[in-house]
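User: Take a close look at how the core of this chain is put together. Keep it brisk, and tie the pieces to one another.

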Amino acid sequence: MADESTGDAGSPTASLTARFTAAARNFFASPARRDATAIFIGLTSGGVGAIVGAAELPLWVVVPLTVLVAALFLTVERAATADTADTKVRWLWGALGVALVLPAGSWTYHVFFDSEDRSTYPFYLEGDQARILQSSGRPGAEPQIGGYPMPFGETYDFECVGKDSEGAVWLKAVAGNYWYPSTYLSPVGDFKISDMPTCG
C-alpha cells in the first residue's frame with residue numbers, strides 16, 4: 001500500500017512530477033491549445049531573431065544566441081508537425097526550456113558583461129568619412145576578420161585602455177572585445193586618455 005504522504009510514485013518529488021506532467025498533458029490535449037502555444041513560441045522566437053539581427057552585440061554573444069533561436073525554431077516546428085499528442089508535448093517542453101534560457105542569458109549578459117551601466121568615454125574618429133578603422137582582438141593585434149569596423153568622421157564610446165608590446169595605447173570599445181589604436185582618436189569632453197581605467 002502506497003504511503004499517502006508521498007503519493008503512488010513513492011516520493012514527494014516523483015508525485016509532484018507526475019501531477020505536473022499529467023496537468024501538462026491535460027492542457028495540451030486540446031489541439032487548439034497546442035497550436036496556440038506553438039504559434040506563441042514561434043512569434044516569440046521570430047521577435048528574438050529580429051532583435052539578434054538588429055542589436056550591436058559582440059560576436060561571442062551573437063553566436064550562442066543565434067544557435068538558441070535556431071533551436072527554438074526547430075523545437076516549435078517539430079511540435080507543430082508531430083503525429084501524436086505525447087510527442088507534441090515533449091517538443092513543446094523542449095521549446096519552453098530553450099525559451100527560458102534566452103531571458104536568463106540576457107539577464108546574465110546585462111549584469112556581468114554589458115557596458116551600459118559603466119562609465120564610457122566618447123572619442124571622435126577624425127578623418128575622411130570614406131575610410132574605416134578596423135578593430136583588433138587585442139592591443140597591437142592584426143585587424144579582425146568580421147570585427148567591428150568604425151567609419152571615420154564619427155564619435156564612438158570606449159570604456160578602458162590597454163597597451164601593446166611596444167607601449168602604444170589602444171582603446172577598447174564599450175561592447176565586445178574590439179580594440180582600436182588611440183592615434184586616430186580624440187577625446188570629446190573634459191577628460192584625457194590617462195583618466196580612463198585600464199582594462200582588466
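Analyst: Thr 75 is buried, because its relative accessibility is 9% and the cut-off for buried is under 20%. This is a predicted model, and the values here are computed from it. Thr 75 sits in helix 3, which spans residues 59–81. Which residues does Thr 75 touch, beyond those up to four places away in sequence? They are Trp 91, Gly 94 and Ala 95.

Now the frame around that helix. The chain has four helices and seven strands. The order along the sequence is α-α-α-α-β-β-β-β-β-β-β. The chain has 200 residues, and 30% of them count as buried. Take the contacts with a separation of 6 or more: 59% of them join residues 24 or more positions apart. The exposed area is about 12,400 Å², with 60% of it from carbon and sulfur atoms.

Next, the strands. Start with strand 1, residues 121–125. In a regular strand, side chains alternate between the two faces of the sheet. Strand 1 shows that alternation. Tyr 121, Phe 123 and Leu 125 point to one face and are buried. Pro 122 and Tyr 124 point to the other face and are not buried.

Which strands pair with strand 1? Strand 4 pairs with strand 1 in the antiparallel sense, over five bridges. Strand 7 also pairs with strand 1 in the antiparallel sense, over three bridges. Phe 123 takes part on both sides. Tyr 156 in strand 4 stands opposite Phe 123. Pro 187 is the bridge partner of Phe 123 in strand 7.

Phe 123 also carries a ring contact. The count of aromatic pairs comes to six. One of them joins Phe 123 and Phe 191. A ring pair is described by the distance of the centres and the angle of the planes. For Phe 123 and Phe 191, the centres are 5.4 Å apart and the planes stand at 80°, an edge-to-face arrangement. The two rings come from distant parts of the chain: Phe 123 is in strand 1, Phe 191 is in the segment after strand 7, and 68 residues separate them. Both Phe 123 and Phe 191 are buried.

The ring pairs go further. They link Tyr 121, Phe 123, Phe 158, Tyr 180 and Phe 191 into a cluster. A charge-over-ring contact is also present. Arg 131 lies over the face of Phe 152, at 4.4 Å from the ring centre.

Leu 171 meets several members of that ring cluster. Its place is in strand 5, residues 169–173. Is Leu 171 buried or exposed? Leu 171 is buried, because its relative accessible area is 0%. Among the residues that Leu 171 touches are Phe 123, Phe 158 and Tyr 180. Other contacts of Leu 171 include Val 161, Tyr 178, Trp 179, Leu 185 and Met 196. Leu 171 touches Cys 160, Ser 182 and Ile 193 as well. The C-alpha atoms of Leu 171 and Glu 159 are separated by 7.5 Å, with their positions 12 residues apart along the chain.

Follow the contact from Leu 171 to Ser 182. Ser 182 lies in the loop between strand 6, residues 179–181, and strand 7. This loop residue counts as buried, because its relative accessibility is 15%. Ser 182 touches Val 169, Trp 170, Leu 171 and Ile 193. Ile 193 appears in the contact list of Leu 171 too.

Now follow the contact from Leu 171 to Cys 160. A disulfide is a covalent bond between the sulfur atoms of two cysteines. The structure holds one disulfide. It joins Cys 160 to Cys 199, with S to S at 1.8 Å. How far apart are the two cysteines along the chain? They are 39 residues apart, and the pair links distant parts of the chain. Cys 160 lies in strand 4, residues 154–163. Cys 199 lies in the segment after strand 7, residues 185–187 for the strand itself. The torsion about the S-S bond is about 95°, so the disulfide is right-handed. Cys 160 is buried at 8% relative accessible area. Cys 199 is buried at 17%.

To draw the parts together: strand 4 pairs with strand 1 and holds Cys 160. Phe 191 and Cys 199 both lie in the segment after strand 7. Leu 171 touches Phe 123 and Cys 160.

Key. Residues numbered from 1 in each chain as written. Predicted model: local features only at pLDDT ≥ 70, side-chain atom pairs only at ≥ 80, totals over all residues. Heavy atoms only, no water. Disulfide = S-S within 2.5 Å. Buried < 20%, exposed > 50% of the residue type's maximum accessible area, 1.4 Å probe, protein only. Contact = heavy atoms within 4.5 Å. Areas by Shrake-Rupley, 256 points an atom, 1.4 Å probe, with all protein chains shown as cover. Phe/Tyr/Trp six-rings, centres within 6.5 Å; stacked < 30°, edge-to-face > 60°. Lys NZ or Arg CZ within 6 Å of the ring centre and 35° of its normal. Pairing = 2+ DSSP bridges.
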